[in-house]
Amino acid sequence: MSGPAVGLWLFEPCGFADILADVVPWLETFCDPVDTKAGGDVDFWVRDGSALGLRAFDPTDVGVFFLSEDEEMPADDEDYSAFSRPPVQGLVVGAGCSGSVNHVLLGHLALAFARRLDALVDFDGLLSSRPVAGDDTGNEAVLARARVLASVLPGNVAEVSYDTGGGGRWVRHVGDAEFLQAWLQHPDFHLIK
């Protein structure tokens, strides 16, 4: 079973090999092993959460994480008008399995990567408060709750619309590191896994 993933949006082009040259030695300071795959993706196992600000971290139930290049970024069907310029490159950070410990760890990894790479975080959906029965991705009530939640957190967040297929459009949140840090501390973050 695969776990959650987020995107990282870069606004300055950088070769993926150059990104790896920067992040792999850093990952090796708190992850073991760090394994670069033949295709360039990197798998890693976090062994020391204190490097990410997690004091009470137990790696027992933690699975593998990965970093890969998002070859579909930027996408033709996305509206980047909320930004002064469109992103030029994307990365994906993900967990190999689900579970609350992996979800929390992914959030803190994304925050560290966003700061290190000066990237925005694509949450691959709307951040919202507690789900309500009947919610689905096209529900305007979900969008309204997401907008309220996003408006009370510090930092910058934007809605990016995209094609859903069949002629429909929907939106997802993309935020900066300050917004992600606030979301990681919000009580509803720990309810949505």
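1. In this predicted model, the surface carries a patch of negative charge made up of Asp-41, Glu-69, Glu-71 and Glu-72. Of these residues, Glu-72 sits in the loop that runs between strand S4 (65-70) and strand S5 (89-95). Glu-72 counts as exposed because its relative accessibility is 66%, the cut-off for that class being over 50%.

2. Across the whole structure, the search returns eight salt bridges. Three of the pairs are described in the points below, among them one whose partners are both buried.

3. Asp-122 pairs with Arg-172, with 2.8 Å between the closest N and O atoms. Asp-122 belongs to strand S6 (residues 120-122) and Arg-172 to strand S8 (residues 168-175), so this salt bridge ties together parts that lie 50 residues apart in sequence. Asp-122 and Arg-172 are both buried, a class that requires under 20% relative accessible area.

4. A salt bridge also joins Asp-35 to Lys-37, where the closest N and O atoms are 3.0 Å apart. Asp-35 is partly exposed, at 31% relative accessibility; Lys-37 is likewise partly exposed, with a relative accessible area of 36%. This pair is part of a network of salt bridges that links Asp-35, Lys-37 and Asp-43.

5. Between Asp-163 and Arg-169 there is a further salt bridge, its closest N and O atoms lying 2.6 Å apart. Asp-163 counts as partly exposed because its relative accessibility is 41%, and Arg-169 falls in the partly exposed class at 40%.

Notes: Residues numbered from 1 in each chain as written. Predicted model: local features only at pLDDT ≥ 70, side-chain atom pairs only at ≥ 80, totals over all residues. Heavy atoms only, no water. Patch = residues over 30% accessible without salt bridge, like charges linked within 9 Å, V, L, I, M, F, W, Y side chains within 5 Å. Areas by Shrake-Rupley, 256 points an atom, 1.4 Å probe, with all protein chains shown as cover. Salt bridge = Lys/Arg side-chain N within 4 Å of Asp/Glu carboxyl O. Lys, Arg positive; Asp, Glu negative; His and termini not counted. Charge placed at Lys NZ, Arg CZ, Asp CG, Glu CD. Helix = DSSP H or I, 4+ residues; strand = E, 2+ residues; numbered from the N terminus. Buried < 20%, exposed > 50% of the residue type's maximum accessible area, 1.4 Å probe, protein only.
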